[in-house]
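Thanks, everyone. I have one structure to show today, and I'll keep it short. Let me put it on the screen.

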Amino acid sequence: MSAPSSTGRLMEQLTDIAHWADMLGRRGYASTMRQARDKLAEADTLRSTQTGQRQSDNARIAQLEQENAQLREKLHEAGVKL
């Protein structure tokens, strides 16, 4: 099993802090820690989604550049000057 990411460790720590705040009767503080954990999870999910989209976009750009190069070569072979 791999070690959790720094984001994962931080989320675990926020959960632990919220638990102990509950145990000490500090409900408002516990609620704030849970909200911070939830926002961190949301940001982490968004970052992962954006990274995946960027990789997909980069692959599509590479494909289009390759197609463009092939078309330019065909035009060159046909005697068309660009």
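Start with a pair of side chains. Arg37 and Asp38 meet in a salt bridge, at 3.2 Å from N to O. Asp38 counts as partly exposed, because its relative accessibility is 43%. Keep in mind that this is a predicted model.

Why pair at all? Side chains of opposite charge can do so when their charged atoms come close.

Next pair. The side chains of Lys39 and Glu42 form a salt bridge too, with 4.0 Å from N to O. Both residues sit in helix H2, which covers residues 27-77. They are 3 residues apart, about one turn of that helix. Are they buried or exposed? Lys39 is exposed, with a relative accessible area of 56%. Glu42 counts as exposed as well, at 51% relative accessibility. The cut-off for exposed is over 50%, so Glu42 makes it at 51%.

There is also a network. Asp22, Arg27 and Arg34 are joined into one by salt bridges that share partners. Take the contact between Asp22 and Arg27: their side chains meet at 3.4 Å, N to O. Arg27 is exposed, at 53% relative accessibility. How many salt bridges in total? The count comes to 5.

Now the charges as a whole. The protein has 12 positive and 11 negative charges. Their mean positions lie 5 Å apart.

On to the nonpolar side. Which residues form a nonpolar patch on the surface? Trp20, Met23 and Leu24 do, with about 410 Å² of accessible area together. Met23 belongs to helix H1, residues 6-23. With 55% relative accessibility, Met23 counts as exposed.

Let's zoom out. The protein has 2 helices and 0 strands. Its radius of gyration is 25 Å, and the globule rule gives 12 Å for 82 residues, so the protein is more spread out than a compact globule. The C-alpha atoms fill a box of roughly 80 × 30 × 10 Å along the principal axes.

Last, the surface. Of the 82 residues, 9% are buried. The exposed area of the protein is about 6,900 Å². Carbon and sulfur atoms supply 54% of that area.

To recap: 2 helices, 0 strands, 5 salt bridges, and a nonpolar surface patch of Trp20, Met23 and Leu24. That's my part. Over to you for discussion.

Methods:
Residues numbered from 1 in each chain as written. Predicted model: local features only at pLDDT ≥ 70, side-chain atom pairs only at ≥ 80, totals over all residues. Heavy atoms only, no water. Patch = residues over 30% accessible without salt bridge, like charges linked within 9 Å, V, L, I, M, F, W, Y side chains within 5 Å. Areas by Shrake-Rupley, 256 points an atom, 1.4 Å probe, with all protein chains shown as cover. Helix = DSSP H or I, 4+ residues; strand = E, 2+ residues; numbered from the N terminus. Buried < 20%, exposed > 50% of the residue type's maximum accessible area, 1.4 Å probe, protein only. Rg over C-alpha atoms; globule rule 2.2 N^0.38 Å. Lys, Arg positive; Asp, Glu negative; His and termini not counted. Charge placed at Lys NZ, Arg CZ, Asp CG, Glu CD.
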